[in-house]
Number of protein chains: 2
Amino acid sequence: MAGHASQTTSTPDTGSISTQASSVYDRLQTDILTGKLRPGHKLRLKDLIKHYDTGNSPLREALNRLSANGMVVREENRGFRVPPASADQLGEITRTRCWLEEIALRESIKNGDSDWEERIVLAFHWLARTAHRIDEASKSTSPEWEQHHREFHLALISACNSSILIDFCAELHQRAFRYRNLAEVVEYRDRHELEEHEELQWAVLRRDADKAVELLRKHHTVTAELLVETGHFD
Amino acid sequence: MAGHASQTTSTPDTGSISTQASSVYDRLQTDILTGKLRPGHKLRLKDLIKHYDTGNSPLREALNRLSANGMVVREENRGFRVPPASADQLGEITRTRCWLEEIALRESIKNGDSDWEERIVLAFHWLARTAHRIDEASKSTSPEWEQHHREFHLALISACNSSILIDFCAELHQRAFRYRNLAEVVEYRDRHELEEHEELQWAVLRRDADKAVELLRKHHTVTAELLVETGHFD
DNA sequence: TGTACAAATAATATCGAAAAAAGTAAGATA
DNA sequence: TATCTTACTTTTTTCGATATTATTTGTACA
């Protein structure tokens, strides 16, 4: 009698999707990161309300959260839009990412205990498993692969002793992820991503910080260059 | 009815008084950073609406923005509260700050042009000017001094070629600022902050990266240690 | 033809109240 | 006395509507 809202919570025991605002937040974020919502696109409240089937307030709260993270751009009295994209911006993201992850990785290699090593081994295991199941072409667009990829990179730096730094790196990873999707690169040429990650894993477990950092930098910069060459943003 | 000059804005050309949400955002942020709102304090919407004399929606938007930055803690269906504070957390902030500002400073010293140098000289000038006008005791609590202090530190790293990294540093500066206020340290003992900044300025302009980084690290860690010794958070 | 101004239109920001959820306290049962 | 249930209160979240602000369109005038 009380529950006329059926679509939201099918599993009511543990608050899976508790508030509407968070639900819209997640969906909006996904659509922006995957490139479904194109850079520069004007986010009209009316349209979004219809498309995400929600109310004014939750939508607005979601947009405000996203704007604080730079995931959408907010202009006072002028609404919201999807942030623009450019090769320059990708360059800045990549550069910053290399700096921050170098620190986080070196610190992790210095401080990491056996739990940390286990996390890395496991994360790589899942990455490899997923990569083998999925054909090369759709690898980059598979949400499953992307999640394992993300978790592998986070595992590497998870012993750096600064959750703040980890958060920053995660944010940069997200932004880079968006560019990967925007570029819509179909063929990954003769690049063997899994092997790159494997090499990286070994260097880290060997505690060879210099080698690991070198591999990580190359991993990021090569990806960025490939995207700039092949794809066109904005 | 068409008269655009109404009650709110006396200068209607550029939206000076932007939106109510932004106004509340600023005031809330100030009250949290200055310690007027204590760590762990429950932020009840009703009370805030009365205290800040605003409506439901703008307040809620402000809180959502703040929560995305970690400036307030959000728990689903359970409202908002001021983030807790601890010596550990301050340690993490300080550690991370040293890492990030080292990079940003080294890059700035490497790339900085004459404009960058000018920005530093000017920023220090204002810092010194303000410091001399204000008595030592109230220095740390003066909003004016704090602004110049902030701008000086940002000027140092402003040529690092990554606005993202600058934003991260600014966020860390804010968080550290909160701890300075929470500790309520009255006497700054025999510490001469202005001289520390001056030394730092010279090292940077001399392009002595190693020395500059050393001074910066010391600046941050000494401050943090002083706060942990003297003040008690939570 | 171009510019300034004013009304019309569209979009955003805000308000007040209803709905949903969480928290609290009293009463029943063992 | 301890624990569980149930009704009640507080608080958060959401909706529908209104007020405010920006943008576009149309019209008079130079």
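A polar contact is a pair of N or O atoms within 3.5 Å; within protein, one atom must be able to donate a hydrogen and the other to accept it. The legends below describe close-up views of a predicted model.

**Figure 1. The surroundings of A:His197 in helix α8 of chain A.**
A:His197 lies in helix α8, which spans residues 193-205 of chain A. With a relative accessible area of 1%, A:His197 is buried, because buried means under 20%. The side chains of A:His197 and A:His153 are joined by a polar contact of 3.2 Å. When residues up to four places away in sequence are not counted, A:His197 touches A:His153 together with A:His149 and A:His219. The other residues that A:His197 touches under this condition are A:Phe124, A:Leu127 and A:Phe152.

**Figure 2. The contact between chain A and chain B.**
Chain A brings 32 residues to this contact, and chain B brings 32 residues. About 2,800 Å² is buried between chain A and chain B, and carbon and sulfur atoms give 56% of this area. On the side of chain A, the residues A:Trp99, A:Ile164 and A:Phe168 supply 22% of the area that chain A buries against chain B, more than any other three residues.

**Figure 3. Polar and charged pairs across the interface of chain A and chain B.**
Between chain A and chain B there are 2 salt bridges. A:Glu61 and B:Arg60 form a salt bridge in which the closest N and O atoms are 2.8 Å apart. Across this interface, 19 residue pairs are in polar contact, with both residues at pLDDT 80 or more. Helices α3 (56-68), α4 (87-111) and α7 (163-183) of chain A are the elements that give two or more residues to the side of chain A that touches chain B. Of these, α4(A) gives the most, with 9 residues. Sorted by class, the side of chain A that touches chain B has 10 nonpolar, 12 polar and 10 charged residues.

**Figure 4. The aromatic pair of B:Tyr179 and B:Phe233.**
Over all chains, the whole structure has 5 aromatic pairs. In the pair shown here, the ring centres of B:Tyr179 and B:Phe233 are 5.1 Å apart and the ring planes stand at 80 degrees, so the pair is edge-to-face. The angle decides this class, because planes over 60 degrees apart count as edge-to-face. The pair links distant parts of the chain, with B:Tyr179 in helix α7 (residues 163-183) of chain B and B:Phe233 in the segment after α9 (209-230) of chain B, 54 residues apart. B:Tyr179 counts as buried at 1% relative accessibility, and B:Phe233 is buried with a relative accessible area of 6%.

**Figure 5. Two salt bridges within chain A, one of A:Arg74 and A:Glu76, the other of A:Arg175 and A:Glu171.**
The structure holds 26 salt bridges over all chains. In one of them, the side chains of A:Arg74 and A:Glu76 meet at 3.7 Å, N to O. A:Arg74 is partly exposed, with a relative accessible area of 29%, and A:Glu76 is partly exposed at 28%. A further salt bridge joins the side chains of A:Arg175 and A:Glu171 at 3.0 Å, N to O. A:Arg175 and A:Glu171 both lie in helix α7 of chain A, 4 residues apart, which is about one turn of the helix. The relative accessible area of A:Arg175 is 21%, and A:Arg175 is partly exposed. A:Glu171 is likewise partly exposed, with a relative accessible area of 23%.

**Figure 6. The salt bridge of B:Glu107 and B:Lys110 in chain B.**
B:Glu107 and B:Lys110 form a salt bridge, with their closest N and O atoms 3.3 Å apart. Both residues belong to helix α4 (residues 87-111) of chain B; being 3 residues apart, B:Glu107 and B:Lys110 are separated by about one helical turn. B:Glu107 is buried, with a relative accessible area of 14%, whereas B:Lys110 is exposed, with a relative accessible area of 59%. In chain A, salt bridges that share partners join A:Glu102, A:Arg106, A:Asp210 and A:Arg217 into one network.

Note on methods
Residues are numbered from 1 along each chain as its sequence is written. Chains are lettered from A and ligands numbered from 1 in the order in which they are written. This is a predicted model: local features need pLDDT of at least 70, side-chain atom pairs count only at pLDDT 80 or more; totals for chains, interfaces and linings use all residues. Side-chain values use heavy atoms; hydrogens and water are left out. Buried means under 20% relative accessible area, exposed over 50%, partly exposed in between (1.4 Å probe, protein chains only). Contact means heavy atoms within 4.5 Å. Buried area is the accessible area (1.4 Å probe) that two parts lose on being put together, summed over both. A salt bridge is a side-chain nitrogen of Lys or Arg within 4 Å of a carboxyl oxygen of Asp or Glu. Ala, Val, Leu, Ile, Met, Phe, Trp, Tyr, Cys and Pro count as nonpolar, Asp, Glu, Lys and Arg as charged, and the others, Gly among them, as polar. Rings of Phe, Tyr and Trp (its six-membered ring) pair if their centres lie within 6.5 Å; planes under 30 degrees apart count as stacked, over 60 as edge-to-face and the rest as tilted.
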